[in-house]
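Please find below a note on the structure, set out as numbered points. Each point takes up one topic and may be read beside the coordinates.

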Amino acid sequence: MKKTTICSKCVMDGSDPGIFFNEKGECDHCITFKEKTLPAWNKILNNRTALEQLSLNIKNRNKGSEYDCLIGVSGGVDSSYLVHIATEVMDLKPLIFHVDAGWNSDIAVNNIEKLIEHLNLDLYTDVINWEEMKDLQRSFFKSGVPHLDTPQDHAFFATMYKFAKKYKIKNILTGANLSTECIRNPVEWMYYQSDLSQLKDIHKKFGKRKLKSFPTTSVFRHKILLPYFFGIKVFKPLDYVDYDKEKAKQFLKDKYGWVPYPQKHFESRFTRFYESYWLYEKFGFDVRKVQFSSLILTGQMSRDEAIRELKEKPYSYEEVKIEKEFIASKLNFTLKELEELFLNDNKSFRDYKNQYWLYNLGKNFYEKLNLGVGNKR
């Protein structure tokens, strides 16, 4: 395979350690999308009754219950538009679920409130113990790994699955979608947040407080135990509709008074800081390359436009200065301590206990049996 600096189709490049290119300069992400993901996805999109069938399936699986499904919302465009599709298009009765991990922006809270009020839905909010969350996030900073958002993501999924099991809600709807996420972050950039072995090892090495109430899950629990033994399954309705990110934003603004974010995942102040500054400057990982490449492949952005935007830094120095002080203060670091952590040696998930082998085994199993529609990594 011929090595090139940047893909000839998208904007993924050598900052992805596992990338390779064919003789045309196309990266493996694009090849996988063209040869595997797109054909399977088109079967759903071209089936006029697929969304209706999905809706009926969801209703039948939870027949007799007060709610048809559980939808986790963050206030971002994907989960917000999913709530609209589920209620107004699929005619479902969802229970809206939100996990407050201590980093919500005001925009996120307002967006959720507007949706709930307009659609007259029930909202359940679970608040994570902040002292435990703080200790865990401090541990991840000290560990030197790039995936600092793991504690927040882990808490979200663990809490949602736990709630669904407790109240016997068999259907979880997620805003994950191929339209804006057909290329996934390389595992070296953002390791699997559900790896409980890694989370525990990092906390054991760097944490000070016992995680008495912090919600945990595992790949075995949410990939095997819950779906096959308790019947709790995850569905992705946005893959069944013509989901255009910018059109969805405008629709949400016009109909619900929803307010957009400058970038994907920026509904969390921590995620905004971590993705736009920490990953970019400390590790050289620019998550916009993944996001833009997905939009390029699904016809929502031109490659030239993406290249132009990537020439600009994903943050402003003025904003980062404020966010640094905010992050340091909230996590009980001094500004000097935070900056010293930034200068420490970079580590990867491989430097700590992990179950990467298990994730690889599952990925190969799913690919061999053609289970589900998705891209690599």
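1. How many aromatic pairs does the count come to by the ring-centre rule? The count comes to 30 aromatic pairs, where rings of Phe, Tyr and Trp (its six-membered ring) pair if their centres lie within 6.5 Å, planes under 30 degrees apart counting as stacked, over 60 as edge-to-face and the rest as tilted. One of them is the edge-to-face pair of Phe156 and Phe157, with 5.2 Å from centre to centre and 75° between the planes. Another is the stacked pair of Phe270 and Tyr274, at 6.1 Å centre to centre and with 20° between the planes.

2. The basis of the values should be stated. This is a predicted model, in which local features need pLDDT of at least 70 and side-chain atom pairs count only at pLDDT 80 or more, while totals for chains, interfaces and linings use all residues. Residues are numbered from 1 along each chain as its sequence is written, and side-chain values use heavy atoms, with hydrogens and water left out.

3. On the overall architecture, the secondary structure comes to 16 helices and five strands; helices (H or I, at least four residues) and strands (E, at least two) are DSSP runs numbered from the N terminus. The radius of gyration is 20 Å, close to the 21 Å that the globule rule gives for 377 residues, so the protein is as compact as a globular protein of that length. This radius is taken over C-alpha atoms, and the globule rule is 2.2 Å times the number of residues to the power 0.38. Along the principal axes, the C-alpha atoms fill a box of roughly 55 × 55 × 45 Å.

4. On burial and surface, 51% of the 377 residues count as buried (buried means under 20% relative accessible area, exposed over 50% and partly exposed in between, with a 1.4 Å probe and protein chains only). The protein exposes about 18,400 Å², of which carbon and sulfur atoms supply 50%; accessible areas come from the Shrake-Rupley method with a 1.4 Å probe, and for residues only the protein chains shown count as cover. Of the contacts with a separation of 6 or more, 78% are between residues 24 or more positions apart, a contact being heavy atoms within 4.5 Å.

5. The two aromatic pairs named above can be placed further. Phe270 and Tyr274 are four residues apart in helix α11 (residues 269–283), and therefore separated by about one helical turn. Phe270 is buried, at 0% relative accessible area, and Tyr274 is buried as well, at 2%. Phe157, by contrast, counts as partly exposed at 30% relative accessibility.

6. Lys282 deserves attention for its position over two rings. Its charged end sits over the ring of Phe283, 5.5 Å from the centre, and Lys282 also lies over the face of Phe342, at 5.9 Å from the ring centre. The criterion is that NZ of Lys or CZ of Arg is within 6 Å of the ring centre and within 35 degrees of the ring normal.

7. Is Gln198, in helix α8 (residues 196–206), buried or exposed? Gln198 counts as buried, at 2% relative accessibility. Its side chain makes a polar contact of 2.9 Å with the side chain of His147, and a polar atom of that Gln198 side chain lies 2.9 Å from the backbone oxygen of Lys353. A polar contact is a pair of N or O atoms within 3.5 Å; within protein, one must be able to donate a hydrogen and the other to accept it, and residues adjacent in sequence count only if both atoms are side-chain atoms. Leaving aside residues up to four places away in sequence, Gln198 touches His147, Tyr191, Phe349, Tyr352, Lys353 and Asn354.

8. The rest of α8 completes this picture. Its buried residues include Leu196, Leu199 and Ile202, and the buried residues of α8 pack against α5 (130–143) and α6 (150–166). At the N-terminal end, Asp195 caps α8, with a side-chain oxygen 3.1 Å from the backbone nitrogen of Ser197.

9. Ser179, in helix α7 (residues 178–181), counts as buried at 4% relative accessibility. A polar contact of 2.7 Å joins its side chain to that of Gln300. Beyond residues up to four places away in sequence, Ser179 touches several residues, among them Trp41, Asp239 and Tyr243.

10. Two backbone conformations remain. Asp91, a residue other than glycine, has a positive phi near 60°; Asp91 is found in the loop between α3 (77–89) and β2 (94–100) and is exposed, with a relative accessible area of 54%. Asn332 has a positive phi of about 60° although it is not a glycine, and its place is in the loop between α14 (317–330) and α15 (335–343).
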